[in-house]
Amino acid sequence: MRVFCASIATETNTFSPLRTDFTDFEQSFYAAPGEHPETPTLCSAVFPALRKRARAGEIELVEGTATWAEPGGLVNARTWARLRDEVLDQLRAALPVDAVVLGLHGAMIADGCVDCEGVLIEAVRQITGPMTKIGVTFDPHSHLSTRRVENADVITVFKEFPHTDFAETGENCVDLTLRAARAEITPTLSVFDVRMIDVLPTSRAPMRGFVDKMLALEADGSALSISTIHGFMAGDSPDLGAKIIVISDGNQSAGDKLAHDLGMELFSFRGTTKPEFLTVEDALTAANDAKTGPVVIADVWDNPGGGVAGDSTILLRAALDMKLKSLALATIWDPMAVRLCHAAGEGAQLDLRFGGKTSAFAGAPIDATVTVVKVASDAVQSFGASVVPLGDCAVIRIDEIEVVLNSNRSQAFSPDLFTNLGVDIGSRKILVVKSTNHFHGAFALVASEILYAAVNGPYPNDPTQTKYTRLTRPLWPIVANPFEVENA
Ligand SMILES: [Zn+2]
């Protein structure tokens with residue numbers, strides 16, 4: 001059995017002031033055919049899963065390109081065309097193949113193409129013909145179009161947010177696709193449109209129980225696979241919103257019913273899934289009043305992992321105005337300020353302007369006399385087993401507040417973001433991080449308390465206020481009951 005695999009992945013925030021081109025893919029992750037590491041990346045876990053099968057003699061594997069760009073703004077049209085054509089040419093050269101497995105994110109939007117993954121899967125189908133089995137993995141923060149469903153045989157999606165199960169999702173996709181190619185199963189996709197968009201962390205109720213239920217239904221044989229698309233509210237897509245995917249073994253009506261029932265259960269959770277979000281002042285006051293530290297405050301919307309720059313100064317400005325002491329913040333993305341700090345050197349004092357440069361909504365740049373506490377080249381933090389590049393960094397001190405400036409955009413994943421740069425987090429009262437939920441796992445181990453601060457900025461965090469231009473159907477919370485609207 002001959003199998004081709006490839007991975008093109010990013011998450012496009014169409015409201016972001018950033019733009020994404022080939023350099024962004026190159027800087028984040030780009031592996032030419034044969035150069036994929038043995039360890040999986042978030043969206044390319046199908047590569048190591050397939051290599052294992054190839055080494056066991058089960059398949060002959062032809063690897064294409066694997067690449068990923070940190071979430072950002074609209075993808076440049078030429079960059080999308082280059083990556084798409086590169087992979088499709090590799091596929092044509094690999095023919096004939098029995099199966100194609102793609103590691104995708106599912107929220108990539110390019111200038112002139114609102115459904116990059118749908119276009120890619122459809123092109124793969126046209127090249128291979130109807131007999132080849134096509135398996136795809138997605139991130140749940142994605143847009144599920146009919147085009148994708150009609151052209152793929154198998155779709156699996158990370159169930160967890162934070163996405164701790166990306167390797168299992170790749171394994172499941174490979175397993176089902178190969179079984180289908182051997183005609184052992186007839187994967188049949190049922191999709192239910194939940195017609196809502198919300199933030200659905202699975203580290204807490206009610207989503208924790210919902211994921212456990214999906215796993216139990218898979219384990220008892222009710223379906224070959226069950227996935228929930230959460231949707232990605234920062235992408236202006238006609239397919240925006242939550243959806244349920246059930247893969248049955250040739251039983252469309254049973255699959256449809258299960259997808260409907262799970263979808264309506266998910267719909268009943270609307271508005272109840274998020275932790276409490278505080279104002280900036282309430283979060284800083286509560287953290288400052290805490291008896292023990294460090295209290296971690298997440299700046300949930302200025303999250304580079306959601307495609308914004310991560311250079312908002314609003315929370316820092318408030319902390320400076322409140323004259324808070326013993327606070328450390330990571331990170332503010334400002335390559336120019338990092339360069340100035342490196343030039344000044346550790347221990348130097350200088351008048352520095354930093355942050356607030358990419359958006360009119362992220363606060364003004366801060367002008368202050370700062371001390372350069374630490375400079376580092378090619379700094380990193382960890383996210384589970386993976387190493388996340390931060391680029392050149394500088395730690396600066398203003399009064400009794402320390403700020404980590406970075407030059408490669410990244411959300412905060414782990415406390416070693418601070419400790420690798422010499423910030424002693426155990427002795428700090430307040431740690432501010434930019435991340436929505438991925439920070440939670442590692443920071444929960446060191447935090448006396450975790451608070452979430454909702455700070456408005458360039459991220460479109462309220463769908464009732466966001467100027468979507470491509471919606472094709474009613475969605476909660478934009479309408480109170482999108483199912484009634486349909487029936488009216
Ligand atoms: Zn995601």
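1. A polar contact is a pair of N or O atoms within 3.5 Å; within protein, one of the two must be able to donate a hydrogen and the other to accept it. Keep that in mind for Asn437, whose side chain makes a polar contact with the side chain of Ser203 at 3.4 Å. Please also remember that you are looking at a predicted model.

2. Let us stay with Asn437 for a moment. You will find Asn437 in the loop between strand E17 (430-433) and helix H13 (440-443). Is Asn437 buried or exposed? Its relative accessible area is 4%, and buried means under 20%, so Asn437 is buried. Leaving out residues up to four places away in sequence, Asn437 touches Phe161, Pro162, Pro201, Ser203 and Tyr452. Ser203, the partner in the polar contact, is thus also on the list of residues touched by Asn437.

3. Now turn to Phe158, which sits in the loop between strand E6 (154-157) and helix H6. Phe158 has a relative accessibility of 1% and therefore counts as buried. Which residues are in contact with Phe158, its neighbours within four places in sequence aside? They are Leu42, Phe138, Asp139, Pro140, His163, Asp165, Phe166, Thr169 and Thr228. Pro140 deserves a second look: Phe158 and Pro140 are 18 residues apart in sequence, yet their C-alpha atoms are 6.1 Å apart in space.

4. Next comes helix H2. Seven of the ten residues of H2 are buried, so this helix is largely enclosed by the rest of the structure. The buried residues are Val46, Phe47, Pro48, Ala49, Leu50, Arg51 and Arg53. What covers the buried residues of H2? The cover includes four strands you can pick out on screen, namely E1 (2-9), E3 (60-68), E4 (99-104) and E5 (133-138), together with helix H6. Just after H2, look for Gly57, which takes a positive phi of about 85°.

5. Finally, see how H2 and H6 pack. Two packed helices are described by the angle between their axes and the distance between the axes. The axes of H2 (residues 46-55) and H6 (residues 166-181) come within 8 Å and cross at roughly 50°. The two helices are therefore oblique to each other, and H2 passes H6 in a right-handed crossing. On the H2 side, the residues that meet H6 are Val46, Ala49, Leu50, Lys52 and Arg53; on the H6 side, they are Gly170, Glu171, Val174, Asp175 and Leu178. Sorted by class, this contact has five nonpolar, one polar and four charged residues.

Key:
Residues are numbered from 1 along each chain as its sequence is written. This is a predicted model: local features need pLDDT of at least 70, side-chain atom pairs count only at pLDDT 80 or more; totals for chains, interfaces and linings use all residues. Side-chain values use heavy atoms; hydrogens and water are left out. Axes are lines fitted to C-alpha atoms, for helices over the stretch in contact, and angles run from 0 to 180 degrees between N-to-C directions. Angles under 35 degrees count as roughly parallel, over 145 as roughly antiparallel, 65 to 115 as roughly perpendicular and the rest as oblique. A crossing is left-handed if the near helix is turned anticlockwise from the far one by less than a right angle, and right-handed if clockwise. Contact means heavy atoms within 4.5 Å. Ala, Val, Leu, Ile, Met, Phe, Trp, Tyr, Cys and Pro count as nonpolar, Asp, Glu, Lys and Arg as charged, and the others, Gly among them, as polar. Buried means under 20% relative accessible area, exposed over 50%, partly exposed in between (1.4 Å probe, protein chains only).
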